[in-house]
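Here is my note on the model you sent round. Please read the points alongside the sequence and the coordinates.

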There are 4 protein chains.
Amino acid sequence: MTEGSQGYSHNKEAVLKRVRRIEGQVRGIEGMVEADRYCIDVVTQVTAVQAALDKVALELLSDHAQHCVIGAEAGRQSERTDELMGAVRRLMRHG
Amino acid sequence: MTEGSQGYSHNKEAVLKRVRRIEGQVRGIEGMVEADRYCIDVVTQVTAVQAALDKVALELLSDHAQHCVIGAEAGRQSERTDELMGAVRRLMRHG
Amino acid sequence: MTEGSQGYSHNKEAVLKRVRRIEGQVRGIEGMVEADRYCIDVVTQVTAVQAALDKVALELLSDHAQHCVIGAEAGRQSERTDELMGAVRRLMRHG
Amino acid sequence: MTEGSQGYSHNKEAVLKRVRRIEGQVRGIEGMVEADRYCIDVVTQVTAVQAALDKVALELLSDHAQHCVIGAEAGRQSERTDELMGAVRRLMRHG
């Protein structure tokens, strides 16, 4: 890994595009609430954002595992694996 | 329920405030990716957004249950309950 | 609601059958671990049990909502709805 | 990795003990349903079992990552990482 580069660097534009789309979806939820849209429809949109965030998180973690864990010097692989699994654990419980 | 009013109507400003804060958090994630921040830190922020969205969804569903399900005329309560539990099911699996 | 009867009472044999099948799946996991089966295959079985438990929980909550919340005297519906949504919240975070 | 050995092998008795305790918890749920216990209390127990299964799955995956992914010959690490992240994805959605 070169300085300033991350597991997702080769993939950065695609990740940014996804996150910007999620920002748009969240703004869409604001619009729905402002327009007094039906509760269940708002929750359905929240669920769609959650699914999109799950996808981003899994991509980031996969890239991280492939590049920053496997790619680490042997002496740091174990520590990085612990860190990765910690992120998985938090993601499963949502903090 | 009056025309145009929803379960969250009495609570609308608080819901909007929460959703706007989430929009800010998502923009923060974009900034982190643009700045090549460490993968695990980005995922930690994604997890924080997920937790905030869970909270919004649960509030919307609680308000909906209290106002639109219990508050419905007797003949519609059962149908609305099915709809509510469908939303819960989708939320648990994220779509 | 009569004494000793619950939201799932009309459905009790079906619920019991499901839970017994889950018990069998858990015993299957024990057998896999004892036989030194591949880690990923064991986790896949754990995931299957989780999905089966989600289904049982959602059925119990739906029955509860239909019978014990909607069916409650008006003065207790709101309190029971809070209790229901508390169970949903815990289920989403797994405790 | 020697023949017949898995990532959890050094930990096998602890894993088995946990899974057996989960089996006991599931039998406890059967007992609660047979005794017509309150729906919400049954769901609370289901949630406890889910949390215990999450823990087992995360331990299995951590052991797998530490031993079977990092420990694999270089040519197989990437493929095993994909497989690991696939298991994480399924676990997050419960199948």
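The points below take up how the chains are related, where they touch, and how charge is placed.

1. The model is a predicted one, and that should be kept in mind for every point that follows.

2. Chain D is superposed on chain A by a rotation of 180° with 0.0 Å of shift along its axis, and the RMSD of this fit is 0.0 Å. The two copies are thus related as by a two-fold rotation axis. Within chain D, the residue that comes closest to the rotation axis is Met92(D), whose C-alpha lies at 3.0 Å. The same surface serves both copies, given that 100% of the contact residues of chain D recur in chain A.

3. For chain C and chain D, a turn of 180° and a shift of 0.0 Å along the axis lay chain C on chain D with an RMSD of 0.0 Å. These copies meet through the same surface, because 100% of the interface residues of chain C are also interface residues in chain D.

4. Which chains do not touch chain A or chain D? Chain A and chain C do not touch, although their nearest C-alpha atoms are 5 Å apart; likewise, no contact joins chain B and chain D, and the closest C-alpha atoms of that pair also lie 5 Å apart.

5. Over all chains, a search of the whole structure finds 25 salt bridges. One of them is formed by Asp36(A) and Lys12(B), with the closest N and O atoms 3.0 Å apart. This pair joins two chains, because Asp36(A) lies in the loop between α1 (12-34) and α2 (39-69) of chain A, whereas Lys12(B) lies in helix α1 (residues 12-34) of chain B.

6. A positive surface patch is formed by Lys55(A) together with Arg89(D), Arg90(D) and Arg93(D). Helix α3 (residues 74-93) of chain D supplies the largest share of this patch, namely three residues, and Arg93(D) is placed in that helix.

Notes
Residues numbered from 1 in each chain as written. Chains lettered and ligands numbered in written order. Predicted model: local features only at pLDDT ≥ 70, side-chain atom pairs only at ≥ 80, totals over all residues. Heavy atoms only, no water. Least-squares fit on C-alpha atoms with pLDDT ≥ 70 in both. Contact = heavy atoms within 4.5 Å. Patch = residues over 30% accessible without salt bridge, like charges linked within 9 Å, V, L, I, M, F, W, Y side chains within 5 Å. Areas by Shrake-Rupley, 256 points an atom, 1.4 Å probe, with all protein chains shown as cover. Salt bridge = Lys/Arg side-chain N within 4 Å of Asp/Glu carboxyl O. Lys, Arg positive; Asp, Glu negative; His and termini not counted. Charge placed at Lys NZ, Arg CZ, Asp CG, Glu CD. Helix = DSSP H or I, 4+ residues; strand = E, 2+ residues; numbered from the N terminus.
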